[in-house]
Amino acid sequence: MRLTVFVLASSCLASRSVDGQVTAQRTASASRSITTRADSVMRAAEMRGFSGVVRVSVGGSTVLHKGYGMANREARIPFARTTIVQIGSNTKDFTVVALLQLVQRGRLHWNDSLFKFFPDMPADKRAITLAQIVDHRAGFPDFVGEAGDFEPVGREEFLARVMKRPLVNQPGTKEAYSNAGYSVLAAIIERVSGVSYDVYVHDHIFAPLGMTNTGFALANFGARRLAHGYHDGKDIGTILGHPHPADGPYWMLRGNGGMSSTVDDMHTFYTALFTTTKLLKPEIRALHFDPNEPAGLAGSDGTSFFDYERFPRRGIEIIVASNNSNAPAPAVRRALAGVLGLSSGGEEHAAIPDRSSSVPPAGIHVPAAPVVALVEEFVRRFNAADVGALRTFVAERFAPDPAAPPIDQRVARMIQTRGNLGAITVTTVSEVAPDSIEVKGTSSVQGPLMITLNIEPGAKPRIRSMGVAVGG
């Protein structure tokens, strides 16, 4: 009897073993298929000018981790997995984590007002809370500089400028993207912690996670590992090639941008943030980050791009970094989404409809690829609300018009519109005439909207004029 039971059990175990092997083989085969198709997509992008590094994970396994194109064209240094790239506004995530850590340690509260830290703050700004600044709802202007990101401005001069500038809206009423607001948060981190922003994030975020390839002043980057930026073919060097003080970037960038990293280090950071308690307790993390929802976190200076996305229900993570303004990371990210099946299932929230779909929505005439690329760039620039990048975009991608306002006035109007609408999410892009495009979607503040773009056609089309209608 015991022998019979033993034989039956052995048979069952053998069957399970075979089933397990089959499942493992199928999983491995599926991973190889994804790797092959994703690499094919990236090689095609490389042929069209993409240069950068990509890291894609599915179900906890890395299916693609590879560099494409040149990180430094003059020195003929190709992109590699270990290339140091600019992460732009992803620096803001370090700032938020630093603040949340100080909340966790009882050094401040999430809804503390600025008056607590700056008693001489003007009356219109005293009630602004840390949470409002983090959510871009404080009413601060996007930028308070006079000479770009690298203007040699120290902390106290920066704060004085912020105090003098009028708010763009009443605090808490609207979303208005503000890099300056995050620099205010960096100043608070320095005052509360007693150390520079760079030292704080190094000691409390990077070092505990073993992120040895991330930072600014404290990072020991070898010159040959740094990716150069290429704007319309011109080498603009690296961010560390610009003047900066010994303790980090000047204050037009501090806390809101300026840092560099590798895709591996950023994977380590976001994994620790969303799936562990190494940085934050769950109840503290929940004040700003939701590990159960898809996340898309991106940064750019208009030349270098860094995109991070995670889809927890599908176990997918995508990280793409690029250094060529003419072949930005968001464009290849969408191509990768098709390989990963993210265009279905309701978990992708792409800014522009996926042109890889064989059948467009009923009644939609999808414009030619160069026009879609122009719309993509317009949406990206509009949502980022970076004054310098918008100025460049208007100068290069709007058709000359003697009757049009000066570029700075156009940019100011776009920034004001961005403040009134909030971020926009596009649902359809359709061609209603050879030179007219309708962009339908929603705004985070006003709801449904339609943007009409009159286009000057050509190999590199330009915008003649635009109009925005909300409601409906």
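Good morning. I shall begin with a contact between charged side chains: Glu156 and Arg191 meet in a salt bridge, with 3.2 Å from N to O. This pair ties together distant parts of the chain, since Glu156 belongs to helix H5 (residues 155-164) and Arg191 to helix H6 (residues 179-193), 35 residues apart. Please keep in mind that we are looking at a predicted model.

How accessible are the two partners? Glu156 is partly exposed, at 44% relative accessibility, and Arg191 is likewise partly exposed, with a relative accessible area of 37%.

A second salt bridge has another setting. The side chains of Arg381 and Glu377 meet at 3.3 Å, N to O. Both residues lie in helix H11 (residues 369-384), 4 residues apart, which is about one turn of the helix. Are these partners buried or exposed? Arg381 has a relative accessible area of 9%, so this residue counts as buried. Glu377, at 15% relative accessibility, is also buried.

As a third example, I would point to Arg462, which forms a salt bridge with Glu456; their closest N and O atoms are 2.9 Å apart. Arg462 is partly exposed, with a relative accessible area of 26%, and Glu456 is partly exposed as well, at 23% relative accessibility. Salt bridges with shared partners also join Arg155, Glu156, Glu190, Arg191, Asp247 and Arg254 into one network. The pair with which I opened, Glu156 and Arg191, is thus part of that network. Over the whole model, the count comes to 20 salt bridges.

Let me turn to a strand and its hairpin. In general, the side chains of a regular strand alternate between the two faces of the sheet. Strand E9 (residues 295-300) shows such an alternation: Ala295, Leu297 and Gly299 point to one face and are buried, whereas Gly296, Ala298 and Ser300 point to the other face and are not buried. What is the partner of this strand? E9 pairs with strand E10 (residues 305-311) in the antiparallel sense, over 6 bridges. Within this pairing, Gly296 has Glu309 of E10 as its bridge partner. The hairpin of E9 and E10 has 4 residues between the strands, and in it Gly302 takes a positive phi near 90 degrees.

Next, a single residue in a helix. Thr91 is found in helix H2 (residues 91-104). With a relative accessible area of 0%, Thr91 is buried. Which residues does Thr91 touch, leaving aside those up to four places away in sequence? They are Tyr197, Gly255, Asn256, Gly257, Gly258 and Met259.

Finally, I come to the empty space in the model. As a general point, rolling a probe the size of a water molecule over the atoms shows where such space is left. The second largest pocket has a volume of about 440 Å³. Its lining consists of 20 residues, and Val168, Val387, Ala412, Ile415 and Gln416 are the ones nearest the pocket centre. Which helix gives the largest share of the lining? Helix H13 does, with 8 residues. Helix H12 (387-397) and helix H13 (407-421) each supply at least two lining residues. By chemical class, the lining of this pocket divides into 11 nonpolar, 4 polar and 5 charged residues.

That concludes the tour. Thank you for your attention.

Key. Residues are numbered from 1 along each chain as its sequence is written. This is a predicted model: local features need pLDDT of at least 70, side-chain atom pairs count only at pLDDT 80 or more; totals for chains, interfaces and linings use all residues. Side-chain values use heavy atoms; hydrogens and water are left out. Buried means under 20% relative accessible area, exposed over 50%, partly exposed in between (1.4 Å probe, protein chains only). Contact means heavy atoms within 4.5 Å. On a 1 Å grid over the protein atoms alone, a cavity is a set of points where a 1.4 Å probe fits but cannot get out, and a pocket is an open set with protein on both sides within 12 Å along at least five of seven lines; lining residues have an atom within 4 Å of a point. Grid points are joined across faces, edges and corners, and a volume is the space filled by probe spheres set on the points. Ala, Val, Leu, Ile, Met, Phe, Trp, Tyr, Cys and Pro count as nonpolar, Asp, Glu, Lys and Arg as charged, and the others, Gly among them, as polar. A salt bridge is a side-chain nitrogen of Lys or Arg within 4 Å of a carboxyl oxygen of Asp or Glu. Two strands pair if DSSP finds at least two bridges between them.
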